[in-house]
Amino acid sequence: MLEPTRQRLPAREADLGDGMRVRRALPTRLRRMVGPWCFLDHFGPVDVSRTSGMRVPPHPHLGLQTVTWLFEGEVVHRDSLGSHQRIVPGQLNVMTSGRGIAHSETSPAPHPPALHGLQLWIALPDEARHAPAAFDHHPALPSLDHRGLRLTVMVGEALGQRSPARLYSPAVGIDLRAEGPVAAQLPVDPAFEHAALVTAGTAWIDGEPLQPGALLYLGGGRDALEVRTEGPARLTLLGGAPFQTPIQMWWNFVARTREELSAAVRTWNDGGGSFGEVQGDPGERLRSPVPPWSTVT
Ligand code: MN
C-alpha cells in the first residue's frame with residue numbers, strides 16, 4: 001500500500017566529459033526507481049557558446065526507453081535504426097531500446113549558446129523488453145494551464161490530456177512552469193508513486209521547499225499534490241505504478257540478471273552485434289566498462 005511521504009534525495013554530481021556536468025537524481029543509494037523511471041540526469045544550464053556542446057558518442061541501450069527533454073538548446077539524435085533527428089525545447093524524443101539499439105547525441109554546429117535539459121530512462125516490463133527497437137520524435141505535446149501553472153504532458157496523462165509517447169507500463173511525466181506566484185492543487189493518481197525535481201527557481205511541493213539539486217520522493221496514495229511558487233519556477237513531476245520486477249543496471253543496460261548484463265557488455269565491446277551501428281556519426285563509440293562480477297574481460 002502506497003503512503004504519502006516526503007523524502008529529499010540529493011542528486012549526485014557526475015561529469016560526462018567535456019565539462020558537461022550533470023546532477024544525477026536517479027538512481028541514488030536511497031532510491032533506485034520511481035514507478036518505472038530508473039534514471040534521471042539534469043544537465044545544465046551550461047554555456048556552450050565556446051564549446052562543441054553535447055558530445056555523447058555512440059553507445060548502446062538495452063531494456064529501457066530513453067526520454068530526452070530540453071529547456072534550452074538543441075541536440076541531434078542518431079541511432080542504429082537510421083534515425084537522424086534534431087530536437088528543440090518543447091519537443092520529446094523517446095527511444096525504445098527493446099532488445100537493443102545504439103545511439104549518439106550531439107550538439108549541432110552552430111548551436112544555441114545554452115544547453116539545459118533532462119535525460120530520463122524508463123525501464124521496460126518483461127513483455128516489452130525483448131521487442132524490436134523504435135525511435136519516436138514528438139514535435140508537439142499536449143499542454144494546458146492549470147491555476148497559474150503551464151503543464152506539458154511529456155508521457156502518460158494529466159488533467160485529461162494524454163501524451164502520444166509510447167509507454168509500456170503505467171507512468172506519467174509532466175513539465176510544470178510558473179511565471180509568477182502560484183498556489184495550485186494538482187490532481188494525481190493515488191495508485192502512482194511520485195517524485196518532483198525542480199529545474200529552475202524554487203517551488204514548494206507539499207509544503208517542502210525544493211530547488212535544483214535534489215529529488216523529492218513523495219510516495220503515493222495521494223489524490224492531489226500541492227505546488228506553490230513565489231515567482232518564476234520550473235519543475236518536473238514523475239510518477240508511475242511501482243515497478244513489479246527487480247531490475248539490474250550496468251552502464252547503459254537494464255536487465256534482470258548479471259548474466260544478461262555481462263552478455264550485453266560482451267556483445268557491445270566485441271563490435272556491437274545486435275545493437276547495430278549508429279549511422280552518420282563519425283565519433284568513436286564508447287566502450288562499456290566490464291562489470292566487477294564478470295569473469296570474461
Ligand atoms: Mn543514451
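Tutor: Two strands count as paired when DSSP finds at least two bridges between them. Keep in mind that this model is predicted.

Student: In strand 11, which residue is the bridge partner of Thr68?

Tutor: Strand 6 covers residues 64–72 and strand 11 covers residues 114–123. The two run antiparallel and are joined by 8 bridges. In strand 11, Thr68 has as its bridge partner Gln119.

Student: Which strands stand at the edges of the open sheet of 7 strands?

Tutor: The sheet pairs its strands in the antiparallel sense, in the order 2-3-4-11-6-9-12. Each edge strand has a single partner, so one side of it lacks a neighbour in the sheet. The edges are strand 2 (12–15) and strand 12 (134–138).

Student: What does the twist average from one strand to the next?

Tutor: Take the order 2-3-4-11-6-9-12. From one strand to the next, the twist averages 20°.

Student: Which residues coordinate the manganese ion?

Tutor: The donors follow the spacing H-x1-H-x41-H along the chain. Each coordinates through NE2, at 2.1 to 2.2 Å. Two of the residues, His59 and His61, are buried. The full list is His59, His61 and His103.

Student: Along strand 13, which side chains point to the buried face?

Tutor: Strand 13 spans residues 143–146, and its side chains alternate. Ser143 and Asp145 point to one face and are not buried. The buried ones, on the other face, are Leu144 and His146.

Student: Which residue takes a positive phi in the hairpin of strand 13 and strand 14?

Tutor: Strand 13 pairs with strand 14 (residues 149–155) in the antiparallel sense, over 4 bridges. Asp145 stands opposite Arg150 in strand 14. The hairpin has 2 residues between the strands. The positive phi, near 50°, belongs to Arg147.

Student: Which strand gives the most to the largest nonpolar core?

Tutor: This core has 26 residues. Leu149, Leu176, Ile205 and Leu237 touch the most other members. Elements giving two or more residues include strand 14, strand 19 (193–200) and strand 24 (233–240). The most, 4 residues, come from strand 17.

Student: How many residues are in the second, separate core?

Tutor: Nonpolar side chains tend to be buried together in soluble globular proteins. Among the members of this second core are Leu26, Leu40, Phe71 and Leu120. Its residue count is 25.

Student: Which leucines does Leu237 touch, leaving out residues up to four places away in sequence?

Tutor: Its contacts include Val172, Gly173, Ile174, Val188 and His194. Ala195 and Ala196 are also touched by Leu237. The leucines are Leu176, Leu186, Leu218 and Leu225.

Technical notes. Residues numbered from 1 in each chain as written. Predicted model: local features only at pLDDT ≥ 70, side-chain atom pairs only at ≥ 80, totals over all residues. Heavy atoms only, no water. Buried < 20%, exposed > 50% of the residue type's maximum accessible area, 1.4 Å probe, protein only. Donors = N, O, S within 2.8 Å, 3.2 Å for Na, K, Ca; no water. Axes fitted to C-alpha atoms, helices over the stretch in contact; angles between N-to-C directions. Core = buried A, V, L, I, M, F, W, Y, C linked by side-chain atoms within 4.5 Å. Contact = heavy atoms within 4.5 Å.
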